[in-house]
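Please open the model in your viewer and follow the stops below in order. At each stop, make the selection named and compare the view with the description.

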Amino acid sequence: MDEKAYIDTRTQIEQKALSSLSQIRTVDDLESWRIDTLGRNGTVTGLLRGISDLPVDSRKEAGSEANSLKDILTKKYEDHKADIENSDSIQTENESDFLDVTLPGRNIALGSLHPTTAVVREICQVFESMGFQTIEGPEVELDIYNFQKLNIPEEHPARDMWNSLWIDRELADGSRPLLLRTHTSPMQIRTMESQSPPVRVVVPGKTYRYEATDATHEWQFCQIEGLAVDKDITFANLKGTLEEFARRIFGDKRKARFRCDFFPFVEPGAEVSIDCFKCGGNGCRVCGNTGWIEIMGAGMVHPKVLAGVGYDPEIYSGFAWGMGAERIAMLKYGIDDIRHFYSNDMKFLKQFS
Amino acid sequence: MKIPLSWLRNYVEIDSDVTDLAHSLTMAGLEVGSIEHIGNKWDSDSLVVAQVIQLEPHPNADRLRLPTLDLGKGEKAKVVCGAPNLEIGQKIVFAKEGANLFNPRSGKHEILKGANIRGIESKGMVCSALELGIGEDNGGILVLDDASVTGTPVKELLSDSILDTELTPNRPDCLSVIGTAYEIAALLGTNITKPESSYQSGDTKVDDRIKVSIQDPFNCPRYTGSFIEKVTVAPSPLWLQDILVKSGQRPINNIVDITNYVMLEYGQPLHAFDFNKLEGDEIIVRQAVECESLETLDSQLKTLTPPMLVIADTSKPIGLAGIMGGINTEIDEETTDIFLEAANFNAANTRATRSALGLNTEASYRFEREIRHELAPVALKRATYLISQLCGGIPAEGIIDTFNAPHHIKTIEITETRFEKILGVSVSMKDIWNIIKRLGFEKIEEDLTQTINVTPPFWRSDISIQDDIIEEYARIYGYDNLPTSNLASPIPSQGSENPQTVREHIRDRLVSAGMNETISYSITDLETINLFDSIPNDQQPISIANPMDASKKYLRPTLVPNVLETLSRNRRTDQQNGLRLFEIGRVFLPLQTDEIDSMPVEKEEIVGAITGFSTSTDLWSESGRLMDFFDAKGIVEHTFRGLSGVLSFTKNDGTMYETGKKADIFLNEVLIGQIGELKSDLSEFFDLSTSPVVIFHLSLEAIQTVAQVQFINYSEPSRYPSSFRDLALISNKEVDSESIVSTIMENKLVADSFPIDKYVGVEVPDGKQSLTVRIIFQSNEKTLSAKEIDRAHIQIIKSLEHRYKISERYS
Ligand SMILES: [Zn+2]
């Protein structure tokens, strides 16, 4: 044995002794440890005896190493002995010979994502996998972006579709320029104004309506907008993309249905429904006996909207959609009252961990 | 809009089942919200038309009578009846024993049984509208049209289906029976029959009796009128009353009912004035003058201001244009001569006026959706015809047509290429034309080539460009019949910088640390805002002009109260468990400029709060410990692992925190937020004083200036064993553990070091503390000898002594 091997052995003895010591809880076990380590035939005593096997010029160094180990372990032994003697010697379940394996496991604090966050992420990931980029926009919007550039002029009856909460600020002509955005659609305009085509974005975010709250209506909710614009994007692409989305979120067997609907910023416009996953289309409470569940509005971007942001509608076309995240979450998880989402009751939230 | 199927059948042949029809309409954009079936429970045998042929008094009751009824086919019946309006010769509905009828007394449908009424056997009964389930009227029996044939099953005569359509704002043309009939014709591939409207006029010429001047042609592009004399005002014939009731209108008198009928039929509102109540012989369409007032037909006095538009005679307003008539020229039983109006009013002005006056009517609803002025003379003639037929009136020759607007004849070029570009499938012009012609489109060219020019029907105000016609084709053809394909164009390039990555990393880390995410409302009240100095004193938070709840009208400038409110609400319902929650959301800072397009600054904040026991005290395995500053700090540290930047905490008091229990949080020298124990007055305000509340409040914007989601920086683990020594130190209380540990870490042989015990008490002198630190020694080159470790140990103590006057406790 040379000096290096001797120091390695010493370190191993130290590690082993300290780690076994740290697990000892009883005086009896501690006494066995002392005998195994520091006793007459113990490992440390053995180490000290081993000095004589070393070359003469290494013995002094090795002796000091071994003695320091003995000192350290002796001190540790005494500290640990005091600890055990002082602690109330409660025998915990784990130390008995026989575990009651039916006792509940130790509690681990359970965190949870808000169901709106969870569903927004899931939805955005579906579209991200189809090449859409997730972006966000302002919650307080200009009337120009929330309405006018979306082909909804002032005093247009279509404004009744979006009852607004206006910011208390008036211009000289008495008009109010700012409001809490009623939909995420203004981001269609902001995106197209800030870049040239092709565009493929998905925009989640909070939206607000002046609306009484009931089991299916909240005045604050989260919407997810989408927009794809390029040279050869068609209504067939709209159908294909949104059908694929419906299958990925609601299951392979889901069928999507498209019916004509009106939104001033798209033409043609559509409402997208899926066949009821609860009753399979026969009619039940979930689908209001129609067999179909409405999940979003969509359509081809209106040529006026494209022209308004400087895209030539003769060259470029695109589609857009908007859906309510809470509505999707309600359908997915079977939540029957939208008011749960912002009541933030832990008994509700923790179910989504 | 409620539309009886029987009325639609006057204009279009419908051979499909009503449920299928409703589905087709819904898919094409005219959503049928519900279908009301009238008489679907009626039994053909037990409910028949009968005629009263004899009427005798009841021997034992003054109010009851004994009609003898002819049921047709030689069958007769004699029953007891209490209705006061029963007369000999009337055609009525007779219910035989076993008929299923609505019983107004029990409120349920019941099977009719024979009964003995005051000593007379009565097998069957004469029915009221309410008992049949076709109206509210139970005052008397339902009297049928004289032309009804006795013995006919009532089901054939009176059963109907009422479609309730929910229309999008672009389709005012479908706020009419004929507009809806055009949709049905296109969907079913049939044609339209238009109603009769040509009438015989008298000798009087309309221009000799009345003149119309339009002072505001912008708000009144067209005004048509007719004059009808010698009318007899009376209740409408039964068929007209019936159709109005089914359509949701209340019958008033024949004149008013006809104006309502034609409004529903064509979608053009009309109004009849009692001509003899007008002053002068001139109708003036003008803006109201300041403080002028008008009592409308619903007996409300409305104060008017410009630019509200009124219909006036030479001295006073007599109607609110496009909204409601005035009570001063109302049609009543004395009326003999009427002036009938069918005009066109500006959509935006009508909308502004009705919303200012809170007067939403069938007329304003249609005008604000922009109906076409070409409709006015069509509807006027139809109503004039009906008045001459049903009210005995004599129309004057000619109509007034004051007209300042261009005709909506617009030619739109449509091409097969555009259809293919938008729909993604090639469509032939022949197929396109076959669909749109049934909607009323006309074409300019004789032949169908790849490009043709068409004119939309004048009543379709929603069609102005080719893509509108593409939708017409697509919706009638059926969206579901169009092809489907995935996006094929190349994916646009995206930058590698995604601002959400850091935030989502933080969100995930908070959840993995046992925190529950919450989302609260962005609007709050001033009292709550003022508890926190989130905005400068001289600035106001952004407020809502039309809040739903007057006390909550401010956009939150800080997220802290929201999280505390959520914490408080949950503490109220759960006193037992520890609460750990957080929210990530926007706050809104006051507007800084008056520029027209200035917008408030929106910043994202991350706020977490914990309170209560770290684990449930009620579990067998746990002893329970109240969460404190270091639990929250642990969560923050955990959260920032995996992000670039070095986190550090510096003691610094803050207004909402307990003195001495708060730190500023830095990421690479950049202040990113605060952490600390909530001040007791705030805990009390939020009803959270049962256990300490520790919150952390971070600015995402500040974090993003420094942090990126870290690329893993790999280093080879040491192959040599480590050893540790515990070092008990006595230091001044002001020396924090971080300074001590970082001094220790400066030594090259030290791989790690951390505090394992902290003690202040009898064995430690005043002003001092004892801190025990574990030091892990390890080298990448060799196994360290005890001598080398001892040497390092001595060096460490020397530098601690030198820098902070720290000594070893047991030396
Ligand atoms: Zn269902």
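Begin by displaying chain A and chain B together; in this predicted model, the area buried between the two chains is about 8800 Å². Carbon and sulfur atoms give 54% of that area. Next, select Glu155(A), Arg200(A) and Cys260(A), the residues of chain A that lose the most area to chain B. Together they account for 7% of what the chain A side buries.

Now widen the selection to every residue in contact across the interface: 109 residues belong to chain A and 103 to chain B. Colour the chain A side by residue class, and 47 nonpolar, 25 polar and 37 charged residues should appear.

**Contacts across the interface**

How many salt bridges does the rule find between chain A and chain B? There are 8 of them across this interface. To view a salt bridge in detail, select Arg121(A) and Asp508(B), whose side chains meet with an N to O distance of 2.8 Å. Polar contacts between the two chains number 47 residue pairs, with both residues at pLDDT 80 or more.

**A sheet in chain B**

Move to chain B and select strands 26, 28 and 27, which form an open sheet in that order with antiparallel pairing. Strand 26 (412–415) and strand 27 (442–443) are the edge strands, each pairing on one side only. Strand 28 (residues 451–455) is joined to strand 26 over 4 bridges. Within this region, select Thr415(B) and find Thr451(B) of strand 28 opposite.

Finally, add helix 14 (residues 466–477) of chain B, which lies across strands 26 and 28. Helix 14 runs at about 55 degrees to strand 26.

Note on methods
Residues are numbered from 1 along each chain as its sequence is written. Chains are lettered from A and ligands numbered from 1 in the order in which they are written. This is a predicted model: local features need pLDDT of at least 70, side-chain atom pairs count only at pLDDT 80 or more; totals for chains, interfaces and linings use all residues. Side-chain values use heavy atoms; hydrogens and water are left out. Contact means heavy atoms within 4.5 Å. Buried area is the accessible area (1.4 Å probe) that two parts lose on being put together, summed over both. A salt bridge is a side-chain nitrogen of Lys or Arg within 4 Å of a carboxyl oxygen of Asp or Glu. A polar contact is a pair of N or O atoms within 3.5 Å; within protein, one must be able to donate a hydrogen and the other to accept it, and residues adjacent in sequence count only if both atoms are side-chain atoms. Ala, Val, Leu, Ile, Met, Phe, Trp, Tyr, Cys and Pro count as nonpolar, Asp, Glu, Lys and Arg as charged, and the others, Gly among them, as polar. Two strands pair if DSSP finds at least two bridges between them. Helices (H or I, at least four residues) and strands (E, at least two) are DSSP runs, numbered from the N terminus. Axes are lines fitted to C-alpha atoms, for helices over the stretch in contact, and angles run from 0 to 180 degrees between N-to-C directions.
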